[in-house]
Structure formats: C-alpha cells, structure tokens
Amino acid sequence: MSKLGARSLIAVPYIWLVLFFLVPFIIVVKISFTEMQYAIPPYTDIVTWADEALTINLNIGNYYYLFTDDLYFWAYISSVRIAFIATICTLLVGYPIAYAIARADSATRNALLMLVMLPSWTSFLIRIYAWVGILKNNGLINNALISVGLIDQPVPMLNTEFAVYVGIVYAYLPFMILPIYANLVKLDNSLLEAAADLGSPPWKTFLKVTLPLSKAGIIAGCMLVFIPSVGEFVIPEMLGGAETLMIGKVLWQEFFNNRDWPVASAVAVIMLLLLLLPITLFQRYQSRQLEA
Amino acid sequence: MSDAASPMLEIRHISKRFGELSAVNNVSLTINKGEIFALLGGSGCGKTTLLRMMSGFETPSEGSLLIDGEDVSKVPPYQRPVNMMFQSYALFPHLTVAQNVAFGLKQDKLSKAQVQAQVDAMLKLVHMTDYAKRKPNQLSGGQRQRVALARSLAKQPKVLLLDEPMAALDKKLRSQMQLELVDIVESVGVTCVMVTHDQEEAMTMANRVGVMHEGEIMQVGSPSEIYEFPNSRHTAEFIGSVNIFSTKVLHVGAEASQMSCADMACRLTVEGGVNALEGAQLEVAIRPEKITMARTRPEQEDNWVQGKIHDIAYLGGHSVYHIKLPSGMIVMVTTTNINRHAQRLTWEDDVYLYWSAASAVVLYQ
Ligand SMILES: Nc1ncnc2c1ncn2[C@@H]1O[C@H](COP(=O)(O)OP(=O)(O)OP(=O)(O)O)[C@@H](O)[C@H]1O
Ligand SMILES: [Mg+2]
C-alpha cells in the first residue's frame with residue numbers, strides 16, 4: 001500500500017510532464033509535418049481516409065523551407081548570440097549580489113533574498129513595460145541626464161539591442177542569483193582562512209578557491225537564464241527594435257501574422273533540438289559532480 | 001630545541017573581547033624556538049581565540065604579538081610567517097593532494113621546479129607520495145591530516161599552529177599520530193603551538209604546557225611540572241585526578257609545615273615552608289598514585305587516614321579504589337596490579353591510607 005503511495009507520488013511529475021509537455025510537443029511535431037491551408041484548423045491532416053485508401057501525407061517541406069530562407073538561420077544565430085551575451089551580463093551582475101548575500105549575517109540575508117524574489121511576484125509583462133517608460137526618449141533616464149546637463153539630446157535606448165539586454169538581465173536576475181547563492185552559502189569559511197593562511201591575498205583566494213568551488217552554481221544559473229532567453233518573445237518585442245532578430249519573434253509572426261502553423265511548428269521543433277545540446281551537457285556535468 | 005633561550009613567539013598582555021565577553025584576558029607568554037607548546041584548557045576557555053590571534057584571523061583588543069622579534073599585531077594573516085593546520089583540515093576539495101600542498105608555495109615567487117621539489121619533499125615527509133593525485137574526498141581521516149600537515153609545513157613557517165590536531169581521528173589512530181606528528185615536527189625543527197582540551201595529548205606531545213581557564217593562563221610548565229606541582233586547584237583537577245584536603249595551618253617551619261584537617265585523625269605535614277600565616281585556610285592536593293593502602297596502621301605519625309573501601313574500578317594495568325573516610329570524604333587511590341594472583345582488597349574492607357610529606361602539594365589559588 002505504501003509502495004503504491006510512493007509510486008503514485010513519483011508518478012505525479014511524470015503525469016504532469018506527459019500531459020503538459022509531451023502531448024503538446026507531439027502535437028507541435030505533428031503539425032510541423034503538415035501543410036498550411038486556409039481552414040480551421042489551418043493545416044492539413046497527416047492521415048486521410050478516402051476511396052478506401054489510407055494515405056499518410058508527411059510533409060517535410062517546412063523543414064526544407066527553414067534551410068532555404070536564411071532569415072531563420074540568422075534568427076537562430078541572433079537568438080543564441082543575444083541570449084549568450086545577456087547570460088554573461090546577468091552573471092556579472094548576479095554573482096556579486098549572490099556573493100554579498102551569502103556573506104551577510106543571517107538576519108540580513110533573509111531580507112536580501114526576499115528583495116531578490118519580491119519583484120517576481122508582480123506581472124512579468126508589467127515589469128517589462130515599465131522599462132519602456134524608463135528607457136524611452138523622454139523617459140526617466142534621458143530626462144534625468146538632460147536635467148543634470150550631461151547630454152542635451154536624448155540618447156536612444158528603447159528599441160535597441162541594448163534595451164533587450166537590460167530587459168533580460170533584469171527579468172532573469174533571480175534565476176542567476178539563487179543557484180549561485182545556494183552554492184556560496186555552503187562554502188566553508190575555513191577554506192578561505194586556509195587560503196589566507198597560506199599567503200593568498202583576498203582577490204587571489206576569490207579566483208583560486210571561491211570561484212572554482214561555486215562553478216556548479218554558476219553553470220546552473222547560466223542555464224536557467226540562457227535557455228529561456230533564447231526563445232524569449234516579450235522582451236525583444238517590447239524593448240527591442242525592428243532589427244532585433246530573435247527566434248521567439250519569428251515564431252510569433254509565423255503563427256499569428258502569417259497563420260502558417262506548420263512552419264511555425266517546425267521553427268519550434270528546431271529551437272528545442274538546439275536547446276537540447278546545452279541541457280544535456282549540463283546534465284552530464286551534474287551527474288559527474290554527483291559521482292565525484 | 002637548538003637554543004632554548006631564544007624566543008620565537010612573544011605574547012604581551014594580549015586580550016580579546018567579543019562585545020561584553022572577554023575571551024582572552026591579559027595573557028603574556030613566551031614560546032621558544034623549536035619548542036612544542038600546548039595550550040590546554042576546557043571548552044570555551046579561549047584557546048582557539050588565542051591561536052587565531054597568532055595566525056591573524058582575530059585582531060587583539062589589547063596587547064601585542066611578536067614573531068622572531070617582529071611585531072606582527074597589525075600584519076594580515078596572508079603576510080605572517082605562520083601556518084595553521086585547521087581542526088577540520090580545510091583541504092581544498094577541488095584540488096589534488098599535490099595541488100593542496102603546492103597552494104601556499106605558489107604564492108611565493110618560486111619556479112615550477114622548486115615548487116615541485118618542495119611538494120615532493122613534503123609528501124615524502126608525511127608518507128603520502130603515493131596519494132599525490134587523489135582528491136581530499138578520496139582519503140581517510142588520517143591521510144587527510146597528513147596532507148594538512150604537509151600543506152602547513154610546505155612554506156617552512158616560523159611557527160606552526162595546530163588547532164585540536166587529533167579531534168577528527170578515532171582513538172587508536174590518535175595515539176599513533178600524536179607520536180608521529182611530534183617526530184615530523186621535531187625533524188623539521190619548526191616551533192609549534194597546539195591547542196587541545198585533552199590533557200593526555202598535551203602531555204604526550206608538548207615540551208611545555210600552558211593551562212588556560214576562563215581566558216587566562218593559570219600555569220605554564222613542562223608536563224611533569226604541571227602534574228607534580230600544580231599551583232592551583234583548577235590545574236590540579238584538570239590534569240589527572242587528585243584528592244584535595246581543606247586544612248588549617250598549625251605551624252610553618254623551614255623543613256616541614258603542619259596543618260590540621262577535619263577529615264583526618266592526625267596532622268597533615270608538607271615538606272618545607274608554606275606561604276601562609278598560622279591559622280590560615282589552605283588546600284592540599286595529593287595524587288591518587290602517591291597514596292599507599294594497607295590493612296594495618298602505618299608507623300608514621302602524620303599523613304594517614306583510615307576508611308572503608310567504597311568502590312573499586314579494575315582497569316587492567318591498575319585499579320582505582322574509592323575509600324570513604326569517617327567524615328564522609330572520598331579519597332581516591334590507584335594501585336598497580338603487579339601480581340596476577342594477588343589477594344586484593346575488596347568492598348567494605350577497612351584500610352589505612354598513608355603518604356609521604358613530599359607527595360603533598362599546597363594549592364594557593
Ligand atoms: N567570533 C566570536 N564572536 C563572539 N564570541 C566568540 C567568538 N569566538 C569565540 N567566542 C567566544 O569566546 C569564548 C572562547 O572561545 P574559544 O573558541 O577560544 O574557546 P576554546 O577554548 O577554543 O573552546 P573549545 O575547546 O570548545 O574549542 C567562548 O565563550 C566563545 O563563545
Ligand atoms: Mg576551540
């Protein structure tokens with residue numbers, strides 16, 4: 001009985017994954033092998049039954065199309081590039097914050113962690129929209145700089161790639177901070193003292209001891225930021241410019257502007273396959289860590 | 001122990017306060033070159049705090065600290081010619097044994113070959129050459145300790161600090177490593193300060209012992225001095241077991257002094273004079289192994305009591321007897337079990353206990 005209970009407990013996440021990830025994904029894969037048509041639903045059936053003949057119609061044209069139009073290729077490349085740079089920026093901002101929180105005394109620590117997570121409790125959309133008001137030509141930053149007299153013409157920031165980086169760093173910062181913090185807070189203080197005792201000045205101790213020992217947290221944080229950033233739609237749509245090419249935007253356009261579900265599905269499938277590579281590398285690394 | 005007279009470490013009126021709490025209180029201490037010095041004391045007496053001030057991890061609230069004649073009170077840990085072996089060993093988990101030992105050497109301007117040579121020499125010294133490529137989590141507790149020792153000796157520090165060096169080892173390994181550690185430290189010739197709460201460990205390993213209590217040093221001396229001539233009740237009780245008689249001074253003489261004691265039928269005599277006036281209250285300590293036990297009354301006039309055997313602990317090599325005096329006081333006596341078939345005294349036997357005037361120690365604090 002308890003064995004059954006334990007099994008059903010383990011089954012819950014699996015059922016969840018099957019219902020809300022695997023089934024939709026299979027549907028998307030299916031659609032990616034169909035042809036577009038102006039109907040409801042806007043794609044053809046794969047299996048048809050007519051005149052006593054079962055026809056299976058697998059259309060690989062959508063995938064072929066992705067390779068012929070280099071818009072898609074550049075959209076993938078650009079997404080990965082933007083996600084990569086944004087992840088590095090998030091790491092550079094997030095690591096010192098995580099470090100400071102881990103070094104704080106336990107009362108302040110909880111308050112600081114709260115502050116890191118608190119913004120996530122309001123709507124993602126609203127928070128990103130707020131950045132429009134901050135970055136636009138007559139927004140907070142430009143107005144402040146002009147009134148101080150540092151500039152006399154507003155610096156265009158909104159609708160640039162820079163704004164996309166700001167948005168991603170801002171939105172995904174907690175996902176970088178938390179795993180690194182969880183790692184640093186476990187760091188044994190006597191290791192740092194031992195390094196100092198052996199003649200290592202603080203900055204060197206950081207590079208030789210703290211940083212290598214927080215590698216697992218850094219990798220986890222980078223994955224948590226990089227993977228969703230690649231497919232990000234809201235941030236490039238609201239903050240990015242016309243030239244900011246990201247696969248999430250392309251996906252949206254195919255689905256809703258062109259109503260070409262099959263091509264859009266093919267784009268989504270390829271994106272997933274591309275993301276599988278870093279995910280498996282990450283998992284390989286994690287299991288190696290567990291063995292060691 | 002080359003030149004015992006020259007000091008390596010001088011501690012002058014050092015104090016450390018954590019808020020209201022005074023962890024170390026006006027301690028002065030001189031530790032000589034090549035000496036193994038043990039700081040011994042109960043939990044929370046400030047041993048670790050004192051050691052951490054030597055390594056630089058705590059700054060003294062008052063007082064100064066000199067290493068080889070140089071005031072290092074304001075020098076940060078990474079610039080002190082001192083290395084510490086941490087209680088938890090604090091080996092870097094991401095580095096191999098060899099890299100751990102090399103860590104400190106790489107901070108100095110040494111060539112790769114020099115670092116390698118020193119690492120090899122250190123690993124050889126602690127018999128860990130075969131384990132150079134292992135990570136710390138692939139070692140046993142004793143092996144980790146050897147690596148930690150090699151790492152803290154690698155930079156040839158002027159002073160080696162050991163914080164509870166044996167705490168993480170099991171009992172058998174502990175006594176073996178105590179002797180081996182002393183061998184290694186003496187072969188290198190480094191001055192060594194260790195902290196321990198285990199009096200046996202301090203006695204086994206150290207040339208001199210400093211007994212600490214509530215942030216102060218109570219007594220400093222060789223293990224035998226501390227054991228045979230404790231100057232305070234606290235030291236006497238902390239090091240080994242002891243019987244303490246409360247007495248009143250009757251007569252102070254140059255050869256011998258006499259006291260009366262409520263627990264004894266006769267007088268209590270100690271060798272030489274005592275530093276007290278007649279009529280003063282004094283405590284006198286007698287170690288259990290200094291007392292002889294017999295069925296018949298001894299011939300000496302002073303220094304004996306009569307009682308009943310209350311309890312016996314047979315410990316193989318020796319036995320501990322608890323004798324209850326008519327006054328209710330319990331006196332401990334140890335006897336060596338020399339003869340296998342001896343007719344031993346047993347429970348409820350009436351016995352006489354006696355000792356020589358030279359065995360009694362007057363405690364002034
Ligand atoms: N960083 C600190 N902040 C506040 N109080 C401290 C600090 N470090 C030590 N103390 C206090 O100072 C006193 C002495 O501590 P210390 O660690 O030196 O004791 P110890 O002799 O090493 O004891 P143990 O044998 O238990 O290790 C203790 O009462 C301890 O609580
Ligand atoms: Mg301690």
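In this predicted model, the buried residues of helix 4 of chain B pack against pieces of both chains: helix 8 (189–197) of chain A on one hand, and strand 6 (82–85), helix 2 (97–105), helix 3 (112–125), strand 7 (159–163) and helix 5 (171–188) of chain B on the other. Helix 4 itself runs over residues 141–154. Of its 14 residues, 12 are buried, so the helix is largely enclosed by the rest of the structure. The buried set includes B:Gly142 and B:Gln143, and then runs from B:Gln145 through B:Arg146, B:Val147, B:Ala148, B:Leu149, B:Ala150, B:Arg151, B:Ser152 and B:Leu153 to B:Ala154. Charged side chains are thus part of the list too, with B:Arg146 and B:Arg151 among the buried residues. As for its length, a rise of 1.5 Å a residue predicts a span of 20 Å for helix 4, and the end C-alpha atoms are indeed 20 Å apart, so the two agree.

What comes just after helix 4 of chain B? There, B:Gln156 takes a positive phi of about 50°. This residue is not a glycine, and its place is the loop between helix 4 and strand 7 of chain B. B:Gln156 has a relative accessible area of 61%, over the 50% cut-off, and therefore counts as exposed.

A second residue of this kind turns up on the other side of strand 7. B:Glu164 sits in the loop that leads from strand 7 to helix 5 of chain B, and its phi is near 45°, again a positive value in a residue other than glycine. Is B:Glu164 buried or exposed? Its relative accessibility is 10%, under the 20% limit, so B:Glu164 counts as buried.

B:Glu164 also belongs to the surroundings of ligand 1. Besides this residue, the shell takes in B:Phe18, B:Leu21 and B:Ala23, then B:Gly42, B:Ser43, B:Gly44, B:Cys45, B:Gly46, B:Lys47, B:Thr48 and B:Thr49. Sorted by class, these residues come out as four nonpolar, six polar and two charged. Some of the contacts with oxygen atoms of ligand 1 can be put in numbers. A polar side-chain atom of B:Thr48 is 2.5 Å from one such oxygen, and for B:Ser43, again through a polar side-chain atom, the distance is 2.6 Å. B:Gly44 takes part through its backbone instead, with a polar atom 2.7 Å from an oxygen atom of the ligand. On its own, ligand 1 has 630 Å² of accessible area, and the protein covers 59% of that. Two elements of chain B, strand 2 (21–32) and helix 1 (47–55), each give two or more residues to the shell. Helix 1 of chain B gives the most, with three residues.

Chain A has a few points of its own. A cis peptide bond joins A:Ile40 and A:Pro41, with omega at about -5°. A:Pro41 is found in the loop between helix 1 (2–32) and strand 1 (47–50) of chain A. In that helix 1 of chain A lies A:Lys3, which is exposed at a relative accessible area of 61%. How far apart are A:Lys3 and A:Ser190 in sequence and in space? The two are separated by 187 residues along the chain and by 43 Å from C-alpha to C-alpha.

How values were computed. Residues are numbered from 1 along each chain as its sequence is written. Chains are lettered from A and ligands numbered from 1 in the order in which they are written. This is a predicted model: local features need pLDDT of at least 70, side-chain atom pairs count only at pLDDT 80 or more; totals for chains, interfaces and linings use all residues. Side-chain values use heavy atoms; hydrogens and water are left out. Helices (H or I, at least four residues) and strands (E, at least two) are DSSP runs, numbered from the N terminus. The expected span of a helix is 1.5 Å times one less than its number of residues. Buried means under 20% relative accessible area, exposed over 50%, partly exposed in between (1.4 Å probe, protein chains only). Contact means heavy atoms within 4.5 Å. A residue is near a molecule or strand if one of its heavy atoms lies within 4 Å of it. A polar contact is a pair of N or O atoms within 3.5 Å; within protein, one must be able to donate a hydrogen and the other to accept it, and residues adjacent in sequence count only if both atoms are side-chain atoms. Accessible areas come from the Shrake-Rupley method with a 1.4 Å probe; for residues, only the protein chains shown count as cover.
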